[in-house]
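Biologist: I am new to reading folds, and I would like a close look at a single part of this one. Please pick a part and walk me through it slowly.

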Amino acid sequence: MRGTWNPQFRRGRAVVTAVEFRVLGGVEAEVGGARLDLGHAKQRGVLAVLLVEANRVVPAERLLDRVWGGDPPSRGRNTLYNYLSRLRAVLPAVDGVSLLRRSGGYTLAVDAQNVDLHRFRDLAARGRACDDDREAVDLLDRALGSWRGEPVSDLDTPWARDLRATLAGELLAVELDHADLALRSGRHAGLLPGLSARAARHPLDERVAAQLMLALHRDGRQADALAHYQRVRARLAEELGTDPGPPLRVLHRQILTSDPALHAERDTGRAAAAVPVPRQLPAAPPSFTGRADELAALSAALGTATSGPVPVAAVGGAGGIGKTALVLHWAHDNAHRFPDGHLFVDLHGFSPAGRPVPPEEVLGGFLAALGVAPDRVPDDRDTRAALYRSLVAGRRMLVVLDNAAGTAQVAPLLPGTPTCAVVVTGRNRLASLIDRHGARHLQLDVLTRAEAHSLLVARLGATRVAAEPDATEELVDLCGRYPLALSITARHAHTRPGVPLAEPAAELRRLGLDVLDHDDPAASLPAVLSWSLRDLTDEQRWVFTVLGVAPGPDTDLAAAAAATGLPAARARKALTALEDASLLDRRSGGRYAMHDLIRDYAATLARDLAPPVREAALRRAVDFYLHTAHGAQHLLDPHHDPVRLDPPEPGVQAYPLTTAPAAMSWLDAEYPQLTAAQRTAHAHRWYRRVWQLALTLTTFHSRRGHHPGELALWHTALDAAAHLPDPAARTHAHQFLGRAHIRLGRLAEAVVHLDRSLELARAQGSRAHQALSHRVLAEARSRGGDNRRALEHVLLALDLYRALDHPVGQSSAHADAGWVAALMGDHDVARDHCRTALALNREHRDDPEVEAHVLDSLGYVEHATGHYRQAAGHYGRALALYRPLGSTYYTAGTLERLGHTHRALGEEDRARAVWHEALELYLRQGRDAEADAVRRRLDTLG
C-alpha cells in the first residue's frame, strides 16, 4: 500500500522522500523507503487516531477514549502527553508533516494524499464522479489497491471496532461500484474469482448476487447464474422470511429469456446503469463551523446496522437554528457510507409555500429517482410506499427528509430495512416518530460562543474580525449566537465592506429584530419564525404572545397560568405544544424559556393586542409575583409587620408556599422574575406595586446578600414612593437604600439616605421609623470605624423603643449595642447588652435570627477575652440558627470568625474547613474584599 509523494526535501545532505502513512492494515510510516519506529501498540494507536482525523483538531479526551476505551491508564493524560512527545521526535520535521498543539487538542498536519485511508476515499470519490468508465475503473482499482489487511489493528476499543466496521462497509461499497463499472466495460471474466469469493462472504447481499449472476451469464454459464439465484432465494426465505427484491427478480427473468439488454457496452464511456444510483443531496453548506458534538451524535444515531429497526435521527430546533445545514454537512461527510444512493426532499413543513408536500407526492419522486418508469408508478400511497421499500431493501442508502411538518408526513417515507438510514429535520418534536419508530431525537440549540465567532470569521474574514474584537463580541451577543441571525448580520457586513462592524452592532442594539427582517422570507428571521405559528391553536398563540412580554427571562407553569388567565391544565398543554414546536425550551425545575430573539418576535405580536388586553395580562403577572412574594416574606419572618396589599387581579392565585425553606427556594428561583416584575410595574406607573415588591423582599435580601439587586429595587421604589400619598413609603425607601449602600461598602451614600430617612421620620412624628433609621446609621458608622458615634445612634434607638414600650425593638437595639460595644473592647458592657437582648427576644418574640446575631456577638467577645472554647460554642449555636433560615449572608461572617477561634485553639484543619466554606459564600455573594481576606488567611495555613 505504498504511494508516491513527488515533492522532496533535504535533511542534512541526503535527499529524502516524504513520509508515507498507512492505516488500512495496521499503522505504519516510511520515509524514503525506510520504516519508522513508531513504538508500541498504544503509541501507534495515538497516531492512528490522529491520522484518521488528519488536519482536524482532536481533543485529548477523545484521544484517551479512542485509544484506551473505558480503561485508561492510571495517569492517562501524562501517558498520552508522553506518547505525543515521542511521536514529535519520531515524525520527520518536513514541510507538510507536523504534530501541532491547538486550542482544544492536537492536529496532525499532513497532506491527505500521503495517508492511505484518505487517498483511498479520494480515489473512490473521484472514480464514482468520473464520466468515463475506463478512467473510473482505474481510479477504483487504485483505491482498492490501498488495502492490505485489518485497519488500525493495534487497537481494540469501541471506536476502533466501529471504525473497522465502517471501513469494511466502505471497502465493500467500492468493490461493488468497481464491479458494476467493470461489468459494463466487459471485464466479467476477470471479475469472476473475486465475485465468487464476495458472494460467499455476503450470501444475503442481493447486489453482490446480481453482479455474480450477470458475470456468469456473460461468461456463458447461464445455468450457474440461475442456480446461484435459486440458492440466494432459498437462503433469503430461510433466514429472513422474504423473497429477492425487484431488481434481482428482474435480472433472473432477463437471464431466463436471454435478454439482449444484458450484453456489455464495451469501452463506450459510462452507460446507463441498470439500477440507478440517486445522488440527490443539495450542495454542502458553505462556511459551516462547529457543531462537533451534534455531528458525533448524528454519527452515533445512524451507525452501521444489519438487523433491527431502521436507524432514524430526528433533528429538531427552532426556525433558523441550522438544522438543514448540520444535516447536509454530515451527509456529505458521510456520503461514502451510503454507496447505493442518497435521497433528499424538502417537505415544506414550514416554508413560505405554506403547504406541506404530501407523502404520496414524495414517494412518486423517490420511485422516479430509483428508476421506476412513470407509467409503472402505482396510484395509491400505500402501494407506492410498498414498492419504495422493496426497491431500497438491503441497500445502503441515506434518506434525508428535510423540514417535516409531522410524523404522518414522514412515516410512509421510512425504509423497511436497517441498511438504510434516515435523517428527519423539523421544528416539531415528532413524538410518535420517537415512540413508534425509535427515532433518536437531537434538539439543536444555538452555537457556542467560539462557534459563533468562527462563523463570523468564515463569512467576513479573520482580518476584519480581528480588527474589531469588541464589535465582533457584541454582534455575537446581540444575535444570541443564533445561526440565522449571525448569517443575516454577516451578510449585511459582507455587502458593506467599508462599514465598520460597530455600525451593524449599533443598529442591532437600537432596532433589534427589525434589522433581521427582509423582503425575501427565507432571508428574514421574523418571517422564518412566523412559519412556526401556522399550526398553533388560538390559545397556543395567545400563550406564546403573552410570554413574549411576561416579566423575567423564564417562567414556570404557575406564573404562565396567571399571566395568560388560563387554568393550569390548559396552560400546561399550551406550553407543551410550544415546546414541541421548538418555540420554548423546557429546563430543569419545571421552567420554560425562550431564546431572546424568539421572545422579541413574540413581543412584536403582543404589540398588536388591544392595550387593555395586554395590560391586564401584565397586571396578572405582576400580581402573581407580588402576592406570592408577600406570602414568602411572612413565612421567612412571621414577626415582621405585614404589608397590606390590594386584592390581586381576578383569576390570580399566589403560588401555595407552606414552609420557610420552600419560600426561600421559590424566591431564589424567581428572583430575576421578581426584579423584572418591579420594572414592568414601574413602566406602567403601578407605583404601589413597585414599592410593595421591594418591601416584600427585605428579609430575602438580608439573608441572601443580594445587595446590588436590593439597591436597584429600592432606587426604583424611591422613585415610585414620590407618587404615593403615604410619606412613610419614602422613609422606608431611604432606609433600605442606606442599608444596601452599607453592604456594598458605599458608606458616604448610605449616610446621605439615612440622614434623609431620619429627617422624614421626624417630620412625620414616627418614633418607630426614627429608631430604625438610627439603627441603620449605627451600622454605617461602625462599618466606617466610628464605633463611638455608632453606639450613640444605637442608644438613641433604644430610648425611642423604650418610649414606645416596644420590647421587640428594644431586643434588636440591645443586640446592636452589644456588637458595637464588643468592637470597642467594652466586653462587660457587650455581655450585658447581649444577655438583655436574649431575654427580651425569648420573652416577647423568640426570633431565631435575633438570637443568632446575639450569639455571634458573644462569640466575638469570648474570643477577644481568650475564652476560645466558649467562643466556638457560641459561634456553633449561631450557625445552627442561621442555616435553617437560609441566612447565608450572616453565616459567612460567623464562619470567618469561627475560623479564627479554631486556629487559636490549634485546630487548623477545622479552621481551614470553615474558611473554605466562608470563602465559597463570599464569592457567591460577590463580596470580593471579604473573599480576598479569607484567601490570605488560608494561605497562612499552607
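Modeller: Gladly! One term comes up right away: two strands are said to pair if DSSP finds at least two bridges between them. Please also keep in mind that this is a predicted model.

Let's choose strand 8, which covers residues 312–316. It belongs to an open sheet of five strands. Reading across that sheet, the order is 9-10-11-8-12, and the pairing is parallel. In that order, strand 8 sits between strand 11 and strand 12, and we can visit these two neighbours in turn.

On one side is strand 11, residues 421–426. Strand 8 pairs with strand 11 in the parallel sense, with five bridges between them. To find this pairing in the picture, look for Val312, which has Val422 of strand 11 opposite. Then move along to Gly316, whose bridge partner in strand 11 is Gly426.

On the other side is strand 12, residues 440–443. Strand 8 and strand 12 also run parallel, and four bridges join them. Here Gly316 is a handy landmark again: Gln443 of strand 12 stands opposite this glycine. Gly316 thus has a partner in strand 11, Gly426, and one in strand 12, Gln443.

What happens at the edges of the sheet? Strand 9 (342–346) and strand 12 stand there, and each has a single partner strand, so one side of each is left without a neighbour in the sheet. The strands are also turned a little as you go across: neighbouring strands make an angle of 15° with each other on average, with direction ignored.

Now look at the two faces of strand 8. Are its residues buried or exposed? Five of its five residues are buried, which leaves the strand mostly covered. Val312, Ala314 and Gly316 point to one side, Ala313 and Val315 to the other, and both faces are covered.

Two helices lie across this strand. Helix 11 (residues 292–301) lies across strand 8, strand 11 and strand 12, and runs at about 170° to strand 12. Helix 12 (residues 323–333) lies across strand 8 as well, and also across strand 9, strand 10 (398–404), strand 11 and strand 12. Its direction is at about 160° to strand 11.

Before we stop, here is a helix pair elsewhere in the chain for you to find. The axes of helix 17 (residues 449–460) and helix 20 (residues 483–494) come within 10 Å and cross at roughly 30°. Angles under 35 degrees count as roughly parallel, and so helix 17 is roughly parallel to helix 20. The crossing is right-handed. Helix 17 brings Ala452, Leu455, Leu456, Arg459 and Leu460 to the contact, while helix 20 brings Leu486, Ser487, Ala490, Ala493 and His494. Sorted by type, the residues of this contact are seven nonpolar, two polar and one charged.

Note on methods: Residues are numbered from 1 along each chain as its sequence is written. This is a predicted model: local features need pLDDT of at least 70, side-chain atom pairs count only at pLDDT 80 or more; totals for chains, interfaces and linings use all residues. Side-chain values use heavy atoms; hydrogens and water are left out. Buried means under 20% relative accessible area, exposed over 50%, partly exposed in between (1.4 Å probe, protein chains only). Axes are lines fitted to C-alpha atoms, for helices over the stretch in contact, and angles run from 0 to 180 degrees between N-to-C directions. Angles under 35 degrees count as roughly parallel, over 145 as roughly antiparallel, 65 to 115 as roughly perpendicular and the rest as oblique. A crossing is left-handed if the near helix is turned anticlockwise from the far one by less than a right angle, and right-handed if clockwise. Contact means heavy atoms within 4.5 Å. Ala, Val, Leu, Ile, Met, Phe, Trp, Tyr, Cys and Pro count as nonpolar, Asp, Glu, Lys and Arg as charged, and the others, Gly among them, as polar.
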